[in-house]
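Work through the exercises below with the sequence and the 3D view open. Each task is followed by a solution in steps.

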Amino acid sequence: MMTIDDALHRYFHFDDFLDHQRQIIEKITAGEDICVVMPTGAGKSLCYQLPVLMRERYSLIVSPLIALMADQVAALRGKGIPAAFINSSITFSEQLKAADAAARGEIKLLYVAPERLQTDFFRRFITGNPPEMLVVDEAHCISEWGHDFRPSYRRIGETANELGIRQICAFTATATPEVCNDIRHQLKRDNMELMVAGFRRPNLAFKVISCDGKKEAKLRKIEKILEKESKPTIIYAATRQAVDELAGLPGVVGYHAGMSIEERTRAQEYFMTAPAPVLAATNAFGMGIDRPDVRRVIHYQISGSLEAYYQEAGRAGRDGEAAECILFFSFSDCYIHKFLIEMNNPPPAVIRAVYRELYYRTQDMGKSGEIEVKPSELREDIPAAKGDGQISAALGILEKLGFIRRSAKKSGTGTIRFTGDPDHLRILHQDEKTQRSRFIHRVLTRYGRSAVQEFETNIDELAQIAGLNTDQIKRVINALDGDCLVWKAGFSGRAVELTDPELRMVELDDAELGRHLNYELDRLEEMVDYAKSHRCRQVELVRYFGENSGKWQCGCCDNCSGKSNINEAAAGATPADIRLALRGADSLNGRVGIGKLSQILAGSRSASIMAGNWHRNACFGALGHLKPAAVEKLLRILCDTGYLERIDRNGYPCVRISPSGRKKLMGIE
């Protein structure tokens, strides 16, 4: 009988396992249910692929993204490993072919989307051809407290029990103990063993750079970092606008979902093939990207959670060689994330108002059916909503709770008609020297004289006819509209249908919705605590994900190496200056804000300082040897690093010394 070492060498041509892989594989081959949390680059895919290959029959791997599924299967086939996928990207006959191959044992790893488990065809297939095991990849999608709450994922456990699947193994790169408990509960396997491993990455040097959030200063800092050494780098930003700003720096290429497919493909090819690429991207970049020699990952803005941060930072140094992970931290970025959290977690009153508007519009139609309405149109009648984003989030929640159904997103639909003589226009533009001529000639060749009558079409169809991309088609139509054609844009969005047209109002669990909002805010606060921490940064991360770190320290982060940027960023401030600033904040006991405290410490004799008798305070002028702007900058750094803390005093923002600041002042830290 083949051993796991034999199988490792035969299928993957490796001689040794990475840390923790052997222990996990042994438990899976013994038939145990197991939930594994291993970060990107730690080799979690091999942990389930190898046991599957050692068994007689096929196993199912549930995966959330079609593109990721295709990449995984392509990589396996490249190694000569029998694998296939079944999803909406292939024809039904191709799906049947893959299923038949799995039933005959010709394919061992069969990848499917979670929605596939709910179809009658696939349920019949599983009943007649039971898999050895069900593997749930990206298992955090199961949990409402994870990254991506998906209803189809939450039904996996119920479906597995109905179909008699004996063994279930769940894998994810980032999940807290709370999320893991929810995964096990939703899979109906509460006794499933939990293994958290691989979060120690001694080759990664984590560092936090505190800054005031001003765009120009942050861009200059990025530029200086890039100038020091040319090496493969990813810069993650929270918004498309920030990516575009970063892409304006020398040698930086941008990547985000708002770019055309061609632009994103070029950016991805550049990143994978250039010797030292620098790519600025939103978190849309990274899934399925496997460049092992990324030497630097920079977060231009703070992430919304430690899970998201570690997933992205962990793409550095996957070859085991030294790499750095740099996080830019400012409180202004936190406010952006708080705003986004509020947008994604609308108040129950807004959710009810959205449903009420949908119900009334259904009644106005006089029949049940789909309603074509945009979030912006609903918002006009819901003044309590803070924006279109809250309306969209409310629709998503109503869909997850089963009160509405939404169709696939429609975009680029409309009607078009040509206003000139079609034969004359076609002949006039037959040389196709410009994109406009190419569009006119090819569309009129396709539709002939009937093009003078208004007909329905869409951007994708016109792009296919004209041989242009969708962005080019949009520009051409905008240029020609009112000249030789008339374009009327149709509904763009997702049509909505009430699941019960007679239900006048929905029942919501307000407490549960509030708990989810608080959970998201807590995750952001944990991210802030990490940025402000003075302990080993990897110990903070390892413990957060539930792995026991013991007495281990990474030895290379800014805190371990003594290179925390409090002095580096203080622009000339000495340790004595820091103590004086902390002593001044302590003596004023949270009665003033940063601006006034900096004036007092700098010895300003402005009218407001003299009128308030602040010049009589013992700390007045203690930092008079520094410029006022440098004093204020030092105080902001002390806030950002946690030595001072912001408080609200009767509606006014003030600062006071924090517990860690007091330790610093007393020389304990």
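**Exercise 1: Aromatic pairs**

In this predicted model, ring centres within 6.5 Å define a pair, and the count comes to 16 aromatic pairs.

Task: Classify the pair formed by F199 and F545, and state why it ties together parts that are far apart in sequence, giving the separation.

Solution.
1. A pair of aromatic rings is described by the distance of the centres and the angle of the planes.
2. For F199 and F545, the centres are 4.7 Å apart and the planes stand at 15°. Planes under 30 degrees apart count as stacked, so F199 and F545 are a stacked pair.
3. F199 lies in the loop between β7 (193-196) and β8, while F545 lies in the loop between α23 and α24 (565-568), so the pair joins parts 346 residues apart in sequence.
4. F199 has 0% relative accessibility and therefore counts as buried. F545, also at 0%, counts as buried.
5. F545 also pairs with Y544: the centres are 5.1 Å apart and the planes at 85°, so this pair is edge-to-face.
6. F199, Y544 and F545 belong to one aromatic cluster, which also includes F206, Y309, Y310 and Y530.

**Exercise 2: Helix α23**

Task: Decide whether helix α23 (residues 537-544) is largely enclosed or largely open, and list the elements its buried residues pack against.

Solution.
1. The buried residues of α23 are R537, Q538, V539, L541, V542 and Y544. Y544, for one, has a relative accessible area of 15% and is therefore buried, the cut-off being under 20%.
2. Six of the eight residues are buried, so α23 is largely enclosed by the rest of the structure.
3. The packing partners are α9 (177-186), β8 (204-210), α13 (306-313) and α22 (510-532).
4. R537 also has its charged end over the ring of Y530, 5.4 Å from the centre.
5. After α23 comes G546, with a positive phi near 95°.

**Exercise 3: Two crossing helices**

Task: How are α19 and α20 oriented to each other, and which residues meet?

Solution.
1. The axes of α19 (residues 435-447) and α20 (residues 459-466) come within 8 Å and cross at roughly 100°.
2. Angles of 65 to 115 degrees count as roughly perpendicular, so α19 and α20 are roughly perpendicular to each other.
3. From α19, R438, F439, R442, V443, R446 and Y447 take part; from α20, E461, L462, I465 and A466 do.
4. By class, this contact has six nonpolar, four charged and no polar residues.

Methods. Residues are numbered from 1 along each chain as its sequence is written. This is a predicted model: local features need pLDDT of at least 70, side-chain atom pairs count only at pLDDT 80 or more; totals for chains, interfaces and linings use all residues. Side-chain values use heavy atoms; hydrogens and water are left out. Axes are lines fitted to C-alpha atoms, for helices over the stretch in contact, and angles run from 0 to 180 degrees between N-to-C directions. Helices (H or I, at least four residues) and strands (E, at least two) are DSSP runs, numbered from the N terminus. Angles under 35 degrees count as roughly parallel, over 145 as roughly antiparallel, 65 to 115 as roughly perpendicular and the rest as oblique. Contact means heavy atoms within 4.5 Å. Ala, Val, Leu, Ile, Met, Phe, Trp, Tyr, Cys and Pro count as nonpolar, Asp, Glu, Lys and Arg as charged, and the others, Gly among them, as polar. Buried means under 20% relative accessible area, exposed over 50%, partly exposed in between (1.4 Å probe, protein chains only). Rings of Phe, Tyr and Trp (its six-membered ring) pair if their centres lie within 6.5 Å; planes under 30 degrees apart count as stacked, over 60 as edge-to-face and the rest as tilted. A charge sits over a ring if NZ of Lys or CZ of Arg is within 6 Å of the ring centre and within 35 degrees of the ring normal.
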